[in-house]
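Work through the exercises below with the sequence and the 3D view open. Try each task before you read its solution.

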Amino acid sequence: MTLSSPWRTDFPALAALDAQGQTYLDNAATAQKPRAVLKALSAYYLNGAANVHRAQHLPADRATRAFEATRLGVARAFGAASPAQIVFTRGATEAFNLLAYGLERHVGAGDEIVVSALEHHANLLPWQQLAKRRGAQLVVLPLDDRGDIDLAAAAQRIGPRTRVLAVSQLSNVLGRWQPVAELAALARRQGAFSVVDGAQGAVHGRHDLAALGCDFYAFSSHKLFGPEGVGVLYGRETALAALAPWQFGGEMVREADYQDALFHDAPMGFEAGTPPVAGVIGLGAALDYLNGLDALALADHEAALHAALLTGLAGRDGIRLLGEPHTALACFRVDGVHHADLAHLLGEQGIAIRAGSHCAMPLYRRLGLDGAIRVSLAPYTDGDDLQRFFQALDRALELLR
Amino acid sequence: MSDSLPAPAQAALQAFADQPGWEQRARLLMQWGERLEPLDVAERDERHRVRGCESAVWLVAQRRGAGWQFRAASEARLLRGLLALLLARVDGLPAAELASLDLADWFARLGLSRQLSPSRSNGLNAVLARMRALIAEDGRATDGSPGAGPSENAPPGA
Ligand SMILES: Cc1ncc(COP(=O)(O)O)c(C=O)c1O
């Protein structure tokens, strides 16, 4: 099997990276952009930028329509009944911070906020700090041997004092799908809000969030082949209504006086100030692009690539995989070799991978590890990329051992 | 300028100057790393740990008369090599000279400037920053007067 990618030429940066001698395998950190996104960005700027929702003139009209079209596109792609359930933020990280402030009044002293042991700092630290502000307790759900959130333990620990449950759909370290629907159901039974970190999960499927049953779901545009500076927060209507506004300024206010103000409901009430207009339009183009792909062919390609990656790693001596990744990535260590040394020599050979603790320091500590190497794939990755990676890996290990 | 280089630095320059390939450079780095004088277990402690490195790194600095003596260790072999090259350049220099030394230029002359790029988390930048902080702190403490006697430094909050 040659494992060529029919989508590679849709992403102009891949040819540029090839020409620079770079093999890009850090897709879980951020993804390259299809031509459609670049075109949408330049069309917006070339035809006349304008602020959204504020003016009566034609450019504003055009910008607002394009901006709101993305909201509608996101709502449709993720199974939201209404575009009003989609709030634009500056990224997934900002979405979790929005939630940790917006839900603050629902968390009191002695209450519990539940996260899992595999959370990215972005979906851990806002909750940790909320717990500190409110004198609440942060409860950490343990993982089983494969690296999944242990549902039996979760059922014990999600209890009547739980106010918020915040968990990742797909781990950026272990690459495993987590049982978020089951966990959200456990939270619902206790009257707790459920928050799902879809930063990695959204890249590998536009999930029906109504069916998933969570209250909130967040992801970043830049990992989903769109521009940086844009995040999406989906909320169930009643959950959004429970949020207090957190950032204050233009456009989120319905009525303002010197001493008091009234605020809009979601989504506008949570989009203070000028939003990243071009970025949101670019995200819309990324979603349109993804919608136009043959989903089955894409899934086959990703599965074949991932299998080839795992097979290649398994065929080499002394390589230890972290967990048993389902998709898209693999984190590994090599016996007797420091991951920083390996990263150094892969970098020397033009292999762009990620070494370290991948913004999940507590998880690494729990695994008893100081870091690992992560290889992460994308639709435009092909068999040649993997071959170059394995060649570089072999040469690096030859030098280091 | 090269005439004023300490002898170990001269040697480093000669060794690295004509290493065009990454493999030769890596081999040489590892060889240099082996030369680092090991730290005692007791010295590999929180006080000497340099934060902001991908691998654990320790830096021990001692004031020796008008100069400094540095020792360093790391778990990563290539970083050990970079540390050895750093120490080859700075060891024994008078404090005043050390404070104004352009270390980025030093690594550039060795053909290793990429190891100092801001996106690198290999720790060399953090080690340099720690070194500068130690020197600046010492400069303030002794008001610039050398010969304050041997003192072992640890930064605040280490
Ligand atoms: C699982 C997970 N959650 C959250 C984030 C944070 O995303 P961003 O930095 O785009 O806000 C990331 C990105 O690294 C991630 O992998």
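**Exercise 1: polar contacts of the ligand**

Task: Find polar side-chain atoms that approach the ligand.

Solution. Start with A:Asp197: an N or O atom in its side chain is 2.5 Å from a nitrogen atom of the ligand. Next take A:Thr93, where an N or O atom of the side chain is 2.5 Å from an oxygen atom of the ligand. Then take A:Lys223, which has a polar side-chain atom 2.6 Å from an oxygen atom of the ligand. A polar contact is a pair of N or O atoms within 3.5 Å; within protein, one must be able to donate a hydrogen and the other to accept it, and residues adjacent in sequence count only if both atoms are side-chain atoms. On its own the ligand has 400 Å² of accessible area (Shrake-Rupley method, 1.4 Å probe; for residues, only the protein chains shown count as cover). The protein covers 85% of that area.

The model is predicted: local features need pLDDT of at least 70, side-chain atom pairs count only at pLDDT 80 or more, and totals for chains, interfaces and linings use all residues. Residues are numbered from 1 along each chain as its sequence is written, chains are lettered from A and ligands numbered from 1 in the order in which they are written, and side-chain values use heavy atoms, with hydrogens and water left out.

**Exercise 2: the domains**

Task: How is chain A divided?

Solution. Chain A has domain 1 (8-25 + 294-395) and domain 2 (38-291), with bounds from an automatic or database domain assignment. The C-alpha centres of these two domains of chain A lie 28 Å apart. In chain A, 24 residues of domain 1 are in contact (heavy atoms within 4.5 Å) with 23 residues of domain 2.

**Exercise 3: the largest cavity**

Task: Where does the largest cavity lie?

Solution. First look at the lining, which has 15 residues; A:Asn27, A:Ala28, A:Val203, A:His204 and A:Leu377 lie nearest the centre of the cavity. On a 1 Å grid over the protein atoms alone, a cavity is a set of points where a 1.4 Å probe fits but cannot get out, and lining residues have an atom within 4 Å of a point. Domain 1 and domain 2 of chain A both give residues to this lining, so the largest cavity lies between them.

Notes
1 Å grid on protein atoms, 1.4 Å probe; cavity = no way out; pocket = protein on both sides within 12 Å on 5 of 7 lines; lining within 4 Å.
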